[in-house]
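Have the model open in a viewer and the sequence beside it. We'll go through it piece by piece, beginning with the metal site.

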Amino acid sequence: MPVQCPYCGDSESKVIDSRSVGDGIRRRRQCLSCGTRFTTYERLQSKNLFVIKKDSRREEFNRDKLLGGIRKACEKRPLPTGTIDKLVDNIETELYRLGKGEIPSSSIGDMVIERLEELDHIAYIRFASVYREFTDITALKEAVDTLVDTNTEAPPPGQLPLLSQEELVHLGQRRRRQK
Ligand SMILES: [Zn+2]
């Protein structure tokens with residue numbers, strides 16, 4: 001069965017790495033046409049992974065969809081190349097390792113949130129704001145405040161500051177105005 005490159009649609013790819021995960025095989029491939037790397041899983045049909053959505057509908061797990069959501073949250077963040085792919089690989093491997101046929105979308109969301117919180121706070125807030133559906137600015141502010149509280153002056157090594165100096169000054173001005 002030819003595997004199509006998800007980016008250019010070409011069906012010529014070479015396998016650069018393969019390993020067994022759970023009862024399937026994960027293959028890392030590189031498109032011979034555009035050079036993009038992507039991952040495929042070979043699994044028994046009955047063991048496909050389905051995502052249970054909030055409205056109880058089931059949808060086959062889609063790596064690209066997950067990747068797209070995380071990419072969007074990480075847009076313009078200064079993350080090293082390959083960071084997002086690695087994060088998605090990591091989540092995907094864990095999902096298949098669980099060996100379940102179905103998994104609630106909320107569990108996947110939690111896995112993403114957990115990892116983004118360690119990786120980049122802006123991406124974390126962006127992702128959480130979509131995923132947790134902050135309905136109003138108060139809920140969003142509470143989430144930010146929690147982050148600020150748990151992260152005192154100095155961010156942990158490798159962690160980018162939550163807000164730029166400019167944003168902090170701006171926030172201070174707004175707070176003063178509110179009083
Ligand atoms: Zn391609």
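A donor here is an N, O or S atom within 2.8 Å of the metal, a cut-off that is 3.2 Å for Na, K and Ca; water is not among the atoms, so a site may look incomplete. Keep in mind, too, that this is a predicted model. With that cut-off in hand, look at the zinc ion: its protein donors are the SG atoms of C5, C8, C31 and C34, which sit 2.2 to 2.4 Å from the metal. Read along the chain, these donors are spaced as C-x2-C-x22-C-x2-C.

What is the arrangement of the four donor atoms around the zinc ion? The angles they subtend run from 105 to 114°, and that makes it tetrahedral. To be called tetrahedral, four donors need all their angles between 85 and 135 degrees.

Now compare how two of these cysteines are placed. C31 has a relative accessibility of 2%, so it counts as buried. C34 comes out at 39% relative accessible area and is therefore partly exposed.

Those two cysteines bring us to a hairpin. Strand 2 (24–31) pairs with strand 3 in the antiparallel sense, over six bridges. Five residues lie between the strands of this hairpin, and G35 takes a positive phi there, near 85°. Further along the pairing, R26 stands opposite Y41 in strand 3.

Hold on to R26 and Y41, as they lead to a helix. T93 is found in helix 2, and if you leave aside its neighbours within four places in sequence, T93 is in contact with V21, R26 and Y41. Is T93 buried or exposed? Its relative accessible area is 13%, so T93 is buried.

T93 has company. The buried residues of helix 2 also include T83, I84, L87, V88, D89, I91, E92, L95 and Y96. What covers the buried residues of helix 2? The cover includes strand 1 (13–21), strand 2 and strand 3 (37–42), along with helix 1 (63–73), strand 6 (102–104) and helix 3 (105–119).

You can also check the length of helix 2, which takes in residues 83–98. Its 16 residues, at 1.5 Å a residue, should span 22 Å, and the C-alpha atoms at its ends are 23 Å apart, which agrees. The expected span is 1.5 Å times one less than the number of residues. Just after helix 2, G99 takes a positive phi of about 70°.

Keep following the chain and you reach G101, in the loop between helix 2 and strand 6. G101 is partly exposed, because its relative accessible area is 34%. Not counting residues up to four places away in sequence, G101 touches N48, L49 and F50. L49 is 52 residues from G101 in sequence, yet their C-alpha atoms are 4.9 Å apart in space.

Then comes E102, which lies in strand 6. Its relative accessibility of 36% means that E102 counts as partly exposed. Outside its neighbours within four places in sequence, E102 is in contact with L49, F50, I52 and R58. The C-alpha atoms of E102 and E59 are separated by 9.3 Å, with their positions 43 residues apart along the chain.

These contacts take us to a sheet. It is an open sheet of three strands in the order 5-4-6, with mixed pairing. Strand 5 (58–60) and strand 6 are the edge strands, each pairing on one side only. On average, neighbouring strands of this sheet are turned by 35° against each other, direction ignored. Strand 4 (residues 50–52) and strand 5 pair in the antiparallel sense over three bridges, and V51 stands opposite E59 in strand 5.

Finally, have a look at two backbone oddities. Most residues other than glycine have a negative phi, and most peptide bonds are trans. S56, in the loop between strand 4 and strand 5, has a positive phi near 75° without being a glycine. S56 counts as partly exposed, because its relative accessibility is 48%. K76 is not a glycine either, and its phi is positive at about 60°. You'll find K76 in the loop between helix 1 and helix 2, and with a relative accessibility of 83%, K76 counts as exposed.

Key. Residues are numbered from 1 along each chain as its sequence is written. This is a predicted model: local features need pLDDT of at least 70, side-chain atom pairs count only at pLDDT 80 or more; totals for chains, interfaces and linings use all residues. Side-chain values use heavy atoms; hydrogens and water are left out. Helices (H or I, at least four residues) and strands (E, at least two) are DSSP runs, numbered from the N terminus. Buried means under 20% relative accessible area, exposed over 50%, partly exposed in between (1.4 Å probe, protein chains only). Contact means heavy atoms within 4.5 Å. Four donors count as tetrahedral if all angles lie between 85 and 135 degrees; four count as square planar and six as octahedral if opposite donors are over 155 degrees apart and all others between 65 and 115; anything else is irregular. Two strands pair if DSSP finds at least two bridges between them. Axes are lines fitted to C-alpha atoms, for helices over the stretch in contact, and angles run from 0 to 180 degrees between N-to-C directions.
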